[in-house]
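Good morning, colleagues. Please take a moment with the sequence and the structure, and then I shall take you through them part by part.

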Amino acid sequence: MLDKFEGRIIFYTGILLSIFLVGLIYAVTERNVNVPSCIPYDKPFTQGRIVQIDSNTYQVFYMAKMWAFDPAEVRLPVGSKVDFYLTSGDVVHGFMINTKNINMAAIPGALNKTSATFDKPDIYRVTCNEYCGAGHQSMQSEIIVNYK
Ligand code: CUA
């Protein structure tokens, strides 16, 4: 038989979870907050690459490895919409795109995805922000957005 106190805890936990769920749905649908998706394991790639889908849509596949990102440099036209796919070839790395509010983890054997639009010409630095060994501080890459 369920204790009266336990019943209350379960009831209030249910209310709290519902509030979180409604908040999440509100953030995604009304506020357009981009929630990075975690894609089920599907043979993560072993090399970085850039795929152009149409004139301003790209996919960039990033392979993080001690202590560099592949590709090391990505050049894009202004206004590009990019889907980023990220995995790691060794340990857990960070993946932060400066000024774009993007922060993901590169996890061996898993694939993470997020999207961004680059409306402003700039050099966007990609930095590993998760300590990953002796060369961690030099693990960087660049996204150069500079042409129409
Ligand atoms: Cu890779 Cu720190």
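Where does His136 lie? His136 is found in the loop between E10 and E11. Please bear in mind throughout that this is a predicted model.

I begin with that histidine. His136 is classed as buried, because its relative accessible area is 17% and the cut-off for a buried residue is under 20%. If we leave aside the neighbours within four places in sequence, the residues in contact with His136 are Trp67, Cys128, Asn129, Glu130 and Tyr131.

One of those contacts, Trp67, leads us to another part of the chain. Trp67 belongs to the loop between strand E3, residues 57-65, and strand E4, residues 68-70. The peptide bond that joins Met66 and Trp67 is cis, with omega at about -5°. A further cis peptide bond runs from Asp70 to Pro71, where omega is near 5°. Pro71 sits in the loop between E4 and strand E5, the latter covering residues 73-77.

Let me now step back to the chain as a whole. The protein chain contains 1 helix and 11 strands. In sequence order the helix comes at the start of the pattern and the strands follow, α-β-β-β-β-β-β-β-β-β-β-β. Along the principal axes, the C-alpha atoms fill a box of roughly 65 × 35 × 30 Å. The radius of gyration is 19 Å, whereas a compact globule of 148 residues would have one near 15 Å. Of the 148 residues, 32% are buried. The exposed area of the chain is about 9,400 Å², and carbon and sulfur atoms supply 58% of that area. As for contacts between residues at least 6 apart in sequence, 58% of them join residues at least 24 apart.

The helix deserves a word of its own. Helix H1 spans residues 4-29, and Phe20 has its place there. Phe20 is exposed, because its relative accessible area is 56% and the cut-off for exposed is over 50%. Phe20 also takes part in a nonpolar surface patch, together with Phe11, Tyr12, Ile15, Leu16, Leu17 and Ile19. The accessible area of these residues together is about 770 Å².

I turn next to the strands, and to E7 in particular. How many of the residues of E7 are buried? The strand, residues 93-97, has 4 of its 5 residues buried, and is thus mostly covered. E7 pairs with strand E8, residues 102-106, in the antiparallel sense over 5 bridges. Within that pairing, His93 stands opposite Ala106 in E8. E7 also pairs with strand E10, residues 122-127, again in the antiparallel sense, over 2 bridges. There, Ile97 has Val126 of E10 as its bridge partner.

The connection between E7 and E8 is a hairpin with 4 residues between the strands. Two residues of this loop have backbone angles to note. Thr99, located between E7 and E8, has a positive phi of about 65° although it is not a glycine. Asn101 lies in the loop between E7 and E8 as well, and its phi is near 55°, a positive value in a residue other than glycine. Thr99 counts as exposed at 62% relative accessibility, and Asn101 counts as exposed at 80%.

Finally, the charged pairs. Side chains of opposite charge can pair when their charged atoms come close. How many salt bridges does a search of the whole structure find? The search finds 3.

In one of them, Arg75 and Glu73 meet through their side chains, at 2.9 Å from N to O. Arg75 is partly exposed at 45% relative accessibility, and Glu73 is partly exposed at 41%.

Another joins Lys120 and Asp122, whose closest N and O atoms are 4.0 Å apart. Asp122 is partly exposed, at 31% relative accessibility.

There is also the salt bridge between Glu142 and Arg125, with the closest N and O atoms 2.7 Å apart. This pair links distant parts of the chain, for Glu142 is in strand E11, residues 140-147, and Arg125 is in strand E10, 17 residues apart. Glu142 counts as partly exposed at 23% relative accessibility, and Arg125 is likewise partly exposed at 36%.

That concludes my presentation. Thank you for your attention.

Key
Residues numbered from 1 in each chain as written. Predicted model: local features only at pLDDT ≥ 70, side-chain atom pairs only at ≥ 80, totals over all residues. Heavy atoms only, no water. Buried < 20%, exposed > 50% of the residue type's maximum accessible area, 1.4 Å probe, protein only. Pairing = 2+ DSSP bridges. Patch = residues over 30% accessible without salt bridge, like charges linked within 9 Å, V, L, I, M, F, W, Y side chains within 5 Å. Areas by Shrake-Rupley, 256 points an atom, 1.4 Å probe, with all protein chains shown as cover. Rg over C-alpha atoms; globule rule 2.2 N^0.38 Å. Contact = heavy atoms within 4.5 Å.
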